[in-house]
Amino acid sequence: MKITPLAIPEVLLITPARHGDERGWFSETFRRSALEDAGFSAAFVQDNHVRSTARGIQRGLHYQKPPHAQDKLLRCVVGAIFDVAVDIRAGSPTFGQWVGAELSAENRQQLLVPKGFAHGYLTLTDACEVLYKVTDYYAPEAEGGLRWSDPAIGIDWPIPASEITANARDNTAPLLAEIESPFTY
């Protein structure tokens, strides 16, 4: 398992090894000790599975506020997505900056998005399925979000905005300048 910090080093790109023969392949997709060696030691408590039916579906940018903040470990098992983390930790030298990676069934890469980051993704193919682990349970009273199209963040989505479909909640989420971050660096 290869673990690579991105431009914001708390966000990790994980590439599991794949071992194959004439029968198929095997891949270890999660190893707690490897994440601990990379500096991440929180325990995951819930797994989620999301299916999106079409290319251009936008989900996020979401986060949960303390005391229910979540670290997330995501992978795309059908299709491909562009996965993004935005630093919303007050006082962080990378506050308001984003990092992203294409996750696909083909490349098998995963993204570890820590607490203090808003997270979202855009489907790049039809019929995408995403699996992800979180370190706290879903708590509707702790929901927070940022608008995926906020020009102050300037995410370079790989599909034109005119071809992106998001729900009303994500289209009207607050801009970065309108939130008081519950996270500190």
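Strand 8, made of residues 80–87, pairs with strand 10 in the antiparallel sense, and seven bridges link the two in this predicted model. One facing pair between them is Ile 81, which stands opposite Leu 103 of strand 10. Strands of a sheet pair through backbone hydrogen bonds, and the pairing can be parallel or antiparallel.

These two strands belong to an open sheet of five strands, whose order is 10-8-12-6-14 and whose pairing is antiparallel. Strand 10 (98–104) and strand 14 (143–145) lie at the edges of this sheet. Each has a single partner strand, so one side of each is left without a neighbour in the sheet. From one strand to the next, the twist averages 30°.

A further open sheet is built from six strands in the order 1-2-11-7-13-5, again with antiparallel pairing. Its edges are taken by strand 1 (2–5) and strand 5 (46–52). Because strand 1 and strand 5 each have a single partner strand, one side of each has no neighbour in the sheet. The twist in this six-stranded sheet averages 20° from one strand to the next.

Within the order of the six strands, strand 11 is followed by strand 7. Strand 7 covers residues 72–78 and strand 11 covers residues 110–113. The two run antiparallel and are joined by four bridges. Here Lys 72 stands opposite Val 113, a residue of strand 11.

Notes:
Residues numbered from 1 in each chain as written. Predicted model: local features only at pLDDT ≥ 70, side-chain atom pairs only at ≥ 80, totals over all residues. Heavy atoms only, no water. Pairing = 2+ DSSP bridges. Axes fitted to C-alpha atoms, helices over the stretch in contact; angles between N-to-C directions.
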